[in-house]
Amino acid sequence: MKIITYEKFKSRFPVLNNQINVDEMEKNQRGFYFTMYSLYSDYLERFLIKHTRIKNIDDTLDMNPLFNCVNDEDKDFYQELSTKLKFFYIRNNLHIENLSSDESKFLMNKIINDEYEFDTETEDFIRKTYKRVIAELPLQEQEAYINYGPEVEYFYAPSNALIIGLRYDEKDRNNLIDKKIILKDYISMLENDVSSKLNLGVRVIIYDSSSIKKNEPAKLKFT
């Protein structure tokens, strides 16, 4: 599990339904919140790997010599949180503030007791909560199209969908047409697979160095 940092967290985009202000938190509270966020992300990634073909498709891309992984230092906030996949990652903001009091306590107790295994109880917890947590707008509101990158149509997707980022090292400009054909097939395969198995709207978006959000400079004075 990768614990997020303040600078990475502040680079999230979009920030539309944000009820959490980490700048107003005390240091210990902020650190615990970041750990909760990171742990939920880790569990959700494990849930996707268990119930969909995302890991299988990711491994297939990894074996293809046309595709290379992005260096760790070049990853954005979202891709850095993904520790079990090399090309795909969860691109949603995770609104853990939408968890109920009991659900939040479940996550807190995992951290307090240093128990991070993905057991049956944890899997049920993710299954019951992830649609609320990934939604940019409350589920009871009408779905809207939200921007998840540059201001062009390609980066708009439904507010309540699971957004999966896809990024590889774009510095290699060889075989671009072949890469585009391969990715089109795999993206269609993954979207159909996840949508049918989870009964959920899914959108896979390809990112590169020009479409991710860079870290914000550190401005916070820690107490």
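This note goes through the internal cavities, the pockets, one helix and a few single residues of a predicted model.

The model is predicted, so local features need pLDDT of at least 70 and side-chain atom pairs count only at pLDDT 80 or more, while totals for chains, interfaces and linings use all residues. Residues are numbered from 1 along each chain as its sequence is written, and side-chain values use heavy atoms, with hydrogens and water left out.

1. **Enclosed space.** A cavity is a set of points, on a 1 Å grid over the protein atoms alone, where a 1.4 Å probe fits but cannot get out, and lining residues are those with an atom within 4 Å of a point. Grid points are joined across faces, edges and corners, and a volume is the space filled by probe spheres set on the points. By this rule there are three cavities of 30 Å³ or more, and the largest of them holds about 80 Å³ of space.

2. **Lining of the largest cavity.** The residues around this cavity are Tyr-37, Ser-41, Glu-45, Tyr-78, Leu-81, Ser-82, Tyr-89, Ile-90, Asn-92 and Leu-94. Helices (H or I, at least four residues) and strands (E, at least two) are DSSP runs numbered from the N terminus. Helix 2 (27-51), helix 4 (77-81) and strand 1 (88-90) each supply at least two residues of the lining, and helix 2 gives the most, with three residues. By class the lining has six nonpolar, three polar and one charged residue, where Ala, Val, Leu, Ile, Met, Phe, Trp, Tyr, Cys and Pro count as nonpolar, Asp, Glu, Lys and Arg as charged, and the others, Gly among them, as polar.

3. **The second largest cavity.** About 40 Å³ of space lies in the second largest cavity, and its lining is made up of Ser-11, Asp-76, Phe-77, Tyr-78, Arg-91, Tyr-207, Ser-211, Ile-212 and Lys-213. Four of these residues are nonpolar, two are polar and three are charged. Tyr-78 appears in this lining and also in that of the largest cavity.

4. **The largest pocket.** A pocket is an open set of points with protein on both sides within 12 Å along at least five of seven lines. The largest pocket has a volume of about 320 Å³, and of the 14 residues that line it, Tyr-168, Leu-176, Lys-180, Leu-183 and Ile-206 are the closest to its centre. Helix 7 gives the most to this lining, with seven residues, and by class the lining has seven nonpolar, no polar and seven charged residues.

5. **The second largest pocket.** The second largest pocket has a volume of about 180 Å³, and of the 15 residues that line it, Asp-74, Lys-75, Arg-167, Ile-212 and Lys-214 are the closest to its centre. Its lining has two nonpolar, two polar and 11 charged residues.

6. **Helix 6.** The expected span of a helix is 1.5 Å times one less than its number of residues. The 15 residues of helix 6 (residues 120-134) should therefore span 21 Å, and its end C-alpha atoms are 21 Å apart, which agrees. A reader should nevertheless note a kink of about 40° centred on Lys-128, the bend at a residue being the angle between axes fitted to the seven residues ending there and the seven starting there.

7. **Packing of helix 6.** Buried means under 20% relative accessible area, exposed over 50% and partly exposed in between, with a 1.4 Å probe and protein chains only. The buried residues of helix 6 include Phe-125, Ile-126, Tyr-130 and Val-133, and its buried residues pack against helix 2, helix 5 (101-112), strand 4 (162-166) and helix 7 (176-198).

8. **Ser-104.** Ser-104 lies in helix 5 and counts as buried because its relative accessibility is 14%. Contact means heavy atoms within 4.5 Å, and, leaving aside neighbours within four places in sequence, Ser-104 is in contact with Met-36, Ile-96 and Leu-99.

9. **The loop between helix 1 (6-9) and helix 2.** Pro-14 is found in this loop, and a cis peptide bond, with omega about 0°, joins Phe-13 to Pro-14. Leu-16 lies in the loop as well; Leu-16 and Leu-137 are 121 residues apart in sequence and 7.9 Å apart in space, C-alpha to C-alpha.

10. **Two asparagines with positive phi.** Phi of Asn-175 is near 55°, and this residue, in the loop between strand 4 and helix 7, counts as partly exposed at 40% relative accessibility. Phi of Asn-199 is also near 55°; Asn-199 sits in the loop between helix 7 and strand 5 (202-206) and is exposed, with a relative accessible area of 63%.
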